[in-house]
Structure formats: structure tokens, C-alpha cells
Amino acid sequence: MASGAIWKGEINFGNISVPVKLHTSIREERVMFHLLHKRDHVRLRQQMICAYDRQPVPADDQAKGFEVEEGKYVIVDPEELEETVPESSRVIEVHEFVSTGQISAVFLERVYNLEPDGRSKEYTALAKTLTEMAVQGVCTWTMRKRSYIGALHANGRLLRLSTLRYADEVVPAKALELERFSLSEKEIRIASDLINHLSGAFQPEKFKNEHQKKLQGLIDRKARGEKVVVLRPKRLKPTAPDKLLQALEASLKQVA
Amino acid sequence: MRTRDPISESKRASGKEEEPGSHGIWSGTISFSLVAIPVQLVKAVDTGRVSFRMLHNKDYSPLQRRMLCPEEDTIVPPEEIIRGYQTGPEKYIVVTDEELESVSPERSRTIEIIEFIDIKEVDSVYYDHPYYLVPSKGGERAYHLLVEVMRRTNKAGLAKFVLGEREYLVAVKSVEGALSLVTLHYSEEILPTEDIIPEEVKIEADEKRRIKEGINKMRADFDPEKYADLRRNKILALLKKKSREKVLVEAPEIEEVEGKGPADLIAALEESMRKVKSR
């Protein structure tokens, strides 16, 4: 297995099968902190406590329950949920193909890069076809005793698999219950002009995570015993509702 | 392997959990040019609605995550928790919230949109975690103007802002009348794929036609509810099976319980449980 491959599986639909290896797509590096007790600077440990008697509960005394009515639970072993799935299944089963763009970003969870496992001919043919047809495959599979749903998509010659969230895990925008406000066409026109003036191509390389370096700098200064000047966060004054048009006009003047 | 909401997670890790009742994770301002809109950041993902809960198997009371001082063997309240950077065995440099905010004071209370882009240009590998922004008092009109204008122009705003220990690169876009905020990965975090992509091989027209036919037979519209239903049915089947073996357990009365009550699913479950029991 090439370095980084975390799982092997086989994409399946109709009479087509494409063996693949899953690779993670992201590596995050950041300055790590630990939580300490203020009094003695002892490193703290996370502990589950009982909400009723406020005592720590060891792992052996923990159970999983599904709340059926308020405060009433069925004790279950969530792994039993996966029992219906055939054991040691390596199948990534595609159930349907949907147009690219139909799966809203809020469903996307984690992206895996797929590497062909063995022959790459069918892999490449599938990647090319998905791109040409502008479709993604909606699939399910079981990996390490967990069921996943995912979207199979192509990026150039690369196949990718995104895990998807379940619909009942996603908060729909209408649940926010936002009120509608009437806007004047003039405000909309000026704001549109402004946005168009401020538009460019997405160039991700432009954005560096400078914060990590600054954070390391802060730690180094403190390690040397230097005094750190605390700067107060800058707070912007909200634009008053009756000054909105004025602020838009002034903004446009600045950029146009 | 589930990804968690990193912003809530970092707050929880620092012992500062959200106040019950207030759903905002963060409050501040979103700005573009000279327009500043007061907003709150709220969750767009809530896995707790359909999930299993950790319980104490002695009294069936829910469990809560707390920080414990191993030295004193006591639960440490949030105001006694500090953040330290380890420099050696049991040696830490303490960094305060105020010092963290000082690292980028201009970005810790403001999501400043630097430029607007076409969201379709953002490869999905960049997406990290979704949230919503909701307007705070007085910001409603400007908020809706931004929603409406981004909808009409099909643009998303790019911004950076700092929360706790991290600086987030975010895309703000218009979704069904609301502002959706998605944290993005930095390009330096995206792993290269050169070693994975296979070499260019000649594909016969027959091969592609075979795949195309297979796909065409399976064309559909994306219906996320269908998959949620499948899972719900699995949970339901498991609960039915369980309720034959065991009765419901009841937690003792507790004054305040974290988290939310059960979701709509529960009504359906209760109904089927009743049927199971009355059999």
C-alpha cells in the first residue's frame, strides 16, 4: 500500500467494478496547547462525569442509550446497527448518479483521494466519463465498522470520494427563521456594482496561515520572558440601517 | 472518523462551552468595504439530533464531559482552566485569551470580506466545516442586502478571521435567504496527489460507452432524505429489537441537562415502540 492509504475498497455499479485505495486529502499542522489547572499548572484530563451524582464515570460504567422520550432511553450498542452489513465487505456501492452541483456543500464532510488498486484502465475510464457527463455517484460503504454515504466524483484524472452528512444532521436555512426585509433597487444595484468591483478569481495560494507563525512568535517571546503587549480586539461599528445607502455609495466611490 | 465542528470543539476544549439557550458560537461583525453588519455564528450541522447518548449504567443519567485535575482528583470549573504550551516535561508557557486575541486584533471580532469570488471555482477539497451567520439586532437590513446581492451576482465573499487558537479562511455565500459560512482549508494543508493519479492511458471507446450506459441507467436527482430514512429505519429496527428484550430505562430528574431534546424522529419511534409493546 502506498504511504497514506487508509483503506481498500471496490467501486461497484452495474457490471463495473473499480478497485481503489483511499487516501486522506488534508494535513493540518498547528500549534498545540494543553489545558492546565490555574492553581498548580497540572495538565488536565478529560473525564466523563455523571450529570446526576457529579462523579467521574469510568469507561466500564458507560453505556450508550437512545432517547425515546425525554429522559427515557433504550440502551443499545451502536455497533449492532452495522450488523446487517456483510462482514469484511469491501464494496463501495454506487446507487445512483446525480448532476454535479446537486449536492449542496453543507452535506460534504471529508474528501478522500482514490488511487487505483492494480490496473488503472477502468479507473481512468470512469474518471473521464464522470467528468464528461458532469455527474457524481452517490454511494454507500462500510469502513471500519461504520456505514458511510458518499459522493464519488472526478477531478481531472483523479477520482475522489467525499463522505456526506445525513439530511437529519444538517440544519436547513429555513430553521433559522430569518425575517425578510424589503430592499430598494438602488441599494441592490449599488451593492452589486460594489461586489463586482471587488471580485476576482479564487487563488487559494494567496492565503497563508500566517497566524501559526505569529502564534509561535508570541510563545517564543513569552519563553524568553519578554513582556507581551496586549492589544484590544478591533471592533467595527455596525452600519446604522438608515446609513446603509450612504455607506454603499462611499464604498463604491472608493473602489470604482 | 466523523469530523466535528472545529469551532465549538475548540471552545469546549478550552472549557468554555456555549451558554445553554444561546445558540451563537461567536458574535462579531461581518464587513465588506465600508459596510459593517453585526452577526452571530451558528451551527449548520447538528449531529446530536439523531444520535446515541452516553449514559451512566448505574443510574442511566446522561454523562457530561468535564476537565479533571489528576493531582487533586477534582472537576475543574471553566474559570480555573488555562491554556499552556508545552516546552518540556511538566513545563508550560501560559497563554491567555487576551494574548491570543492580540495576535491578530483586527481579525478576532470581524469577518472582513477581502474579495468576492465565484464559489464554483472552489474545489470541494477546500471545504472544511459549514456554519450560518444570522443577523444581530440592527443588522437585519444590511444582512439581507448582502444575501440578496450575493444571490443575484452568484458570488461568495472570502474572509479570514481568528477564533481562539486558529485563524480561519472562510467563504461566505447566500443560501436560501441566509448567509452560509464555510471554513476552508489553506492550500498548504491540501496533500499532493501526483503519486496517486494514474498515468494517462488510452481508453477504448467501447470501455467508455459501457460505463456511460451503466451511468445512464442510474441517473437520478439527489435526495438526501432517502439516505437519512435508510439510517432512521435501521435505528428503528434496532430499537424495536431491543425493546422486545429490555424495557426503557429512566434517568433521574436533573435540574439542567446539556444538549437538546429528541428530534421529530422520536414521534415516529414512540409510535412504533407502542405498537411493538402492545403486541
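# Meeting the two chains

Visitor: Which residue in strand 13 of chain B stands opposite Y73(A)?

Guide: A word first: this is a predicted model, in which local features need pLDDT of at least 70, side-chain atom pairs count only at pLDDT 80 or more, and totals for chains, interfaces and linings use all residues. Residues are numbered from 1 along each chain as its sequence is written, while chains are lettered from A and ligands numbered from 1 in the order in which they are written. Strand 6 (residues 72–75) of chain A pairs with strand 13 (residues 249–250) of chain B in the antiparallel sense over two bridges; strands are DSSP runs of E of at least two residues, helices runs of H or I of at least four, numbered from the N terminus, and pairing takes at least two DSSP bridges. In strand 13 of chain B, the residue opposite Y73(A) is V249(B).

Visitor: Which are the edge strands of the open sheet?

Guide: Strands of a sheet pair through backbone hydrogen bonds, either parallel or antiparallel. Here four strands run in the order 3(B)-5(A)-6(A)-13(B), with antiparallel pairing. Each edge strand pairs on one side only, and these are strand 3 (53–56) and strand 13 of chain B.

Visitor: And which residue in strand 3 of chain B stands opposite G65(A)?

Guide: Strand 5 (residues 62–69) of chain A meets strand 3 of chain B in an antiparallel pairing over four bridges. Opposite G65(A) you will find R53(B).

Visitor: How many nonpolar residues are on the side of chain A that touches chain B?

Guide: Two residues are in contact when their C-beta atoms, placed from the backbone, lie within 7 Å; the contact takes 153 residues from chain B and 144 from chain A. Nonpolar here covers Ala, Val, Leu, Ile, Met, Phe, Trp, Tyr, Cys and Pro; charged covers Asp, Glu, Lys and Arg; the others, Gly among them, are polar. On the chain A side, 38 residues are charged and 29 polar, and the nonpolar number is 77.

Visitor: Which residues have the most contacts inside the largest nonpolar core?

Guide: A core is a set of buried Ala, Val, Leu, Ile, Met, Phe, Trp, Tyr and Cys residues joined through C-beta atoms within 7 Å. A residue is buried with 20 or more other C-beta atoms within 10 Å of its own, exposed with 12 or fewer, and partly exposed in between, the C-beta atoms being placed from the backbone. The largest core has 91 residues, and its largest share, seven residues, comes from helix 3 (residues 140–153) of chain B. Those with the most contacts inside this core are V170(B) and V172(B).

Visitor: How far apart are the end C-alpha atoms of helix 3 of chain B?

Guide: Buried residues of this helix include L145(B), L146(B) and V149(B). The expected span is 1.5 Å times one less than the number of residues. For the 14 residues of helix 3 of chain B that should come to 20 Å, and the end C-alpha atoms agree, being apart by 20 Å.

Visitor: Is R54(A) buried or exposed?

Guide: R54(A) sits in the loop between strand 4 (45–50) and strand 5 of chain A. Its phi is positive, near 60 degrees, in a residue other than glycine. Because R54(A) has 11 C-beta neighbours inside 10 Å, it counts as exposed.

Visitor: What about D73(B), buried or exposed?

Guide: D73(B) lies in the loop between strand 4 (63–69) and strand 5 (74–75) of chain B, and has a positive phi of about 55 degrees although it is not a glycine. With 9 other C-beta atoms within 10 Å, D73(B) is exposed.
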